[in-house]
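Trainee: I've got this one open on my screen, and I'd like to know what stands behind the words people use for it. Can we go through them together?

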Amino acid sequence: VVATLDEAIADCGFVVGTCARDRRLPWPVLDPRRAAEEMAAKSLQGEVAILFGREDNGLSNDELMRCNLHLAIPTSNAYSSLNLAMAVQIVCYELHMLEAQGGLPERSNEQWDEPLATQENIERFYVHLEETMSQIGFLNPAAPRQLMPRLRRLYNRLDMDEMELNILRGILTETQKRCDPVDWSEQNGGKS
């Protein structure tokens with residue numbers, strides 16, 4: 001038991017969030033059976049987490065942006081709501097059936113050379129990316145629009161390993177060293 005979502009998924013390389021409603025920004029979505037197959041495959045590369053939302057309103061948009069994939073359980077249009085126990089049972093059933101039918105992938109001798117990047121390190125990357133884009137004048141902190149959510153969606157679709165993430169962070173660091181920071185107070189008409 002942990003106090004925060006950050007603690008819960010810090011060491012995970014792949015996070016699946018359950019989602020019942022459409023979001024303003026589309027995200028990769030699979031049904032439970034296909035999501036179970038994806039989770040089983042990703043489990044060969046690192047820890048996998050499944051996030052279930054609260055009974056009253058599910059996962060927040062911020063929580064869902066932390067996920068690589070969204071899982072939606074198809075329901076009747078007349079009654080689309082499932083309680084938490086039902087959702088957990090359906091997802092666990094699909095994972096169990098995958099295993100029972102021999103559909104879980106076996107660990108092969110051909111392991112990836114680096115583990116998947118952990119969510120903790122990916123979050124650090126997003127902070128670094130946002131700082132760098134603001135510093136070079138690409139992202140206006142006063143009017144960010146949907147830039148960071150779209151970049152999260154892009155990078156969350158990738159299976160970045162720790163080395164690849166470190167390369168990207170190195171590029172950001174060198175970029176920051178070589179440019180003068182933009183003064184956004186001047187750009188925003190004296191408003192910070």
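**What earns each label**

Mentor: Start with the surface: the protein chain exposes about 12,000 Å² of accessible area, and 51% of that belongs to carbon and sulfur atoms. Keep in mind that this is a predicted model.

Trainee: What is the make-up of the protein chain in helices and strands?

Mentor: There are eight helices and four strands. From the N terminus on, the order is α-β-β-α-β-α-β-α-α-α-α-α. The C-alpha trace spans about 60 × 50 × 30 Å along its principal axes.

Trainee: Why is Q119 called buried?

Mentor: Buried means under 20% relative accessible area. Q119 has 1% relative accessibility, so it counts as buried. Q119 is found in helix α5. Leaving aside neighbours within four places in sequence, Q119 is in contact with I9, A10, C12, G13, F14, V15, R66 and N68.

Trainee: And how much of the protein chain is buried?

Mentor: Buried residues make up 35% of the 192 residues. Strand β1, residues 12–18, is mostly covered, with seven of its seven residues buried.

Trainee: What makes β2 and β3 edge strands?

Mentor: Each of them pairs on one side only. The four strands form an open sheet in the order β2-β4-β1-β3, with parallel pairing. In that sheet β2 covers 29–30 and β3 covers 47–51.

Trainee: How do you know which strands pair with β1?

Mentor: Two strands pair if there are at least two bridges between them. Five bridges join β1 to β3, and three join β1 to β4. Both counts meet the cut-off of at least two, so β1 pairs with β3 and with β4. For a bridge partner you can click on, V15 has A49 in β3. On the β4 side, T18 stands opposite L71.

Trainee: What about β2 and β4, how many bridges do they have?

Mentor: Two bridges join β2 to β4, residues 69–71, and the strands run parallel. The cut-off is at least two, so β2 and β4 count as a pair. Here L30 stands opposite L71 in β4.

Trainee: What makes a group of residues a nonpolar core, and which residues have the most contacts inside the largest one?

Mentor: The members have to be buried residues of the nonpolar kinds, joined through side-chain atoms within 4.5 Å. The largest such core here has 13 residues, and those with the most contacts inside it are F125, L129, M148 and Y155. The elements giving two or more residues to this core are α5 (119–135), α6 (147–156) and α7 (162–177). Helix α5 gives the most, with five residues.

Trainee: Which residues does M148 touch?

Mentor: Not counting residues up to four places away in sequence, M148 touches Y126, L129, E130, M133 and L139. Apart from the largest core lies another core, of ten residues, with L30, M39, L69 and L71 among them.

Trainee: How do contacts spread along the sequence?

Mentor: Among contacts between residues at least 6 apart in sequence, 84% join residues at least 24 apart.

Trainee: Last one: how many charged side chains are there of each sign?

Mentor: The protein chain has 19 positive and 30 negative side chains. The centres of the two sets lie 8 Å apart.

Definitions and conventions
Residues are numbered from 1 along each chain as its sequence is written. This is a predicted model: local features need pLDDT of at least 70, side-chain atom pairs count only at pLDDT 80 or more; totals for chains, interfaces and linings use all residues. Side-chain values use heavy atoms; hydrogens and water are left out. Buried means under 20% relative accessible area, exposed over 50%, partly exposed in between (1.4 Å probe, protein chains only). Contact means heavy atoms within 4.5 Å. Accessible areas come from the Shrake-Rupley method with a 1.4 Å probe; for residues, only the protein chains shown count as cover. Lys and Arg count as positive and Asp and Glu as negative; His and the chain ends are not counted. The place of a charge is taken as NZ of Lys, CZ of Arg, CG of Asp or CD of Glu.
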